[in-house]
Amino acid sequence: MKREPLPIPRKQASSTIEHKRTRDGSSSCQPAAKVQRISSRSRRRTKVAAHQVGIKLKAPLYLDLSRSLIDAAGQAQIAAAVAFHDTLMHLSLGNCMLNPDMGSRLAKSLAVSSTLVSLKLRGNRFQVRATRQIFQALSSNTTLTTLDLASNGLKPILGPDIAQLLTTNSTLTRLDLSWNILDEGGEQIAVALETNSTLTYLNLSDACLGSKAGVMLAKALCVNRSLTSLVLAENGFEPQLGEDFGAALRVNSVITRLDLTSNNIDYQPIVAALESSNFTLTSLCPAPFLQDIPPPYKHQIEALLARNQSFIVV
C-alpha cells in the first residue's frame, strides 16, 4: 500500500516586537510588521560610515539620517555639505548621538549656507556653547525656515540667544523647542515674539515654562500677527492664565491653533472669547485630550471650534 507523503510543516512567520518609549519614560511592547531591513529611520540606531555618507550626499534634496550612528569622518562630511553643497535643502539628524564638536561645526556651516531650508536636530543634547553658536549663526542666515531642537537639554541660560534669533532672523517660520528646560528663558522668548513677524509655528510644549512665562506669552499673542500655531502643552500653567489667554483671543485674529493640553487653566474666559469675538481659532488641544476639559466647557468649546472651522474657505 502506497504511503502518502507527510505534509511539510509551514514555516511560521517571524514576528518582531517594537519597543515604544512613552513621554514619561516607560516602555510598551507592541507587535510590529516583519522588518526586511533596518533603515536609518528604524528604532534601532544604524551605523553609518564616511563613505556611505559620501554616497548619500551625491545629489540629495532631502537627507534623513535620523537614529544613525555616524562616524567622525561622516559627521565632518555632513557639516561641510551644509556649508557648500548646492542641492541639500532638508537635513534630519535626530537622535544621532552626534559628537560634542558637531554642534560647533554645524554652526559655522549654517553661517554661510545658502541652500538648507530645514534642519532637524532633536535628541542630540549639544553643549550650551555649541547650541548658542547655532542660534548666533542663524541670526544672519537667510535660507533656513525650519529648526527642530526638541529634547536637546536646552537650559534657561539660552533664553537671550533664542530671543536674539527671533528678533534678528527674518526667514525662520517653524521652531520646535519642546521637551527642554527653558523656565525663565520662556519669558525672554515671549518678549521677542512681540516684534517677530515671520514665525508661524512655535512648539514650547513640556518646556517647564511656568505661569509667569505663560502670562507673557499670552501678552505677546495680543500683538503678534504672524503666529498661527502655538503649542504650550504640559507647562504647569495655573487656573488664572485662562483670563490672559482669553484676553489674547479676543484681539488676535490670526492664530488657528493654541494647544493648552494638560495645563490647569480656567476655560471659562476662553469660551467667552470664542463666543464673542474670535472666529479663527480651530484647535485648542488634540482631539484625544478634549476629555480633559471640564464638562461645563468641553461641549461649548467643541461647538465653537467647529463653527470656526466652518468658516475656512477651501
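These are my notebook entries on what I looked up in a predicted model.

**Entry on the sheet**

I began with the strands, and I found eight of them forming an open sheet in the order S4-S6-S7-S8-S9-S10-S11-S12, with parallel pairing. At the edges I noted strand S4 (62–64) and strand S12 (257–259), each of which has a single partner strand, so one side of each is left without a neighbour in the sheet. I also looked up the angle between neighbouring strands of this sheet, which on average is 0° with direction ignored.

I then followed the edge strand S4 to its partner, strand S6 (residues 90–92), and saw that the two pair in the parallel sense over three bridges. Within that pairing I picked out Asp64, whose bridge partner in S6 is Ser92. As a reminder to myself, strands of a sheet pair through backbone hydrogen bonds, either parallel or antiparallel.

**Entry on the nonpolar core**

Next I turned to the largest nonpolar core, which has 78 residues, and I noted that Leu93, Leu177, Leu232, Phe245, Leu258 and Leu260 touch the most other members. I chose Leu258 for a further look and, not counting residues up to four places away in sequence, I listed what Leu258 touches: Leu221, Leu230, Leu232, Phe245, Leu249, Leu281, Ser283, Leu284 and Cys285.

**Entry on Ser104**

I looked up Ser104 in helix H3 (residues 102–110), and I asked myself whether Ser104 is buried or exposed. The relative accessible area of Ser104 is 14%, and because the cut-off for buried is under 20%, Ser104 counts as buried. Leaving aside the neighbours within four places in sequence, I found Ser104 in contact with Arg129, Ala130 and Gln133.

**Entry on salt bridges**

How many salt bridges does the count come to? I wrote down seven, and I went through some of them one at a time, keeping in mind that side chains of opposite charge can pair when their charged atoms come close.

In the pair of Arg122 and Asp176, the closest N and O atoms are 3.0 Å apart. This salt bridge links distant parts of the chain, since Arg122 lies in the loop between strand S7 (118–120) and helix H4 (128–138), whereas Asp176 lies in strand S9 (residues 174–176), 54 residues apart. I noted Arg122 as partly exposed at 30% relative accessibility, while Asp176 is buried, with a relative accessible area of 10%.

The side chains of Glu187 and Lys212 also meet in a salt bridge, at 3.9 Å from N to O. Glu187 belongs to helix H6 (residues 185–193) and Lys212 to helix H7 (residues 210–221), so the pair ties together parts that are 25 residues apart in sequence. Here I recorded Glu187 as buried, with a relative accessible area of 18%, whereas Lys212 is exposed, with a relative accessible area of 57%.

For Glu302 and Lys298, I found a salt bridge whose closest N and O atoms are 3.5 Å apart. Both residues lie in helix H10 (residues 295–309), four residues apart, about one turn of the helix. Glu302 is partly exposed, with a relative accessible area of 31%, while Lys298 counts as buried at 19% relative accessibility.

Lastly I checked which residues are joined through shared partners, and I found that such salt bridges bring Arg122, Asp148 and Asp176 into one network.

Terms used:
Residues numbered from 1 in each chain as written. Predicted model: local features only at pLDDT ≥ 70, side-chain atom pairs only at ≥ 80, totals over all residues. Heavy atoms only, no water. Core = buried A, V, L, I, M, F, W, Y, C linked by side-chain atoms within 4.5 Å. Buried < 20%, exposed > 50% of the residue type's maximum accessible area, 1.4 Å probe, protein only. Contact = heavy atoms within 4.5 Å. Pairing = 2+ DSSP bridges. Axes fitted to C-alpha atoms, helices over the stretch in contact; angles between N-to-C directions. Salt bridge = Lys/Arg side-chain N within 4 Å of Asp/Glu carboxyl O.
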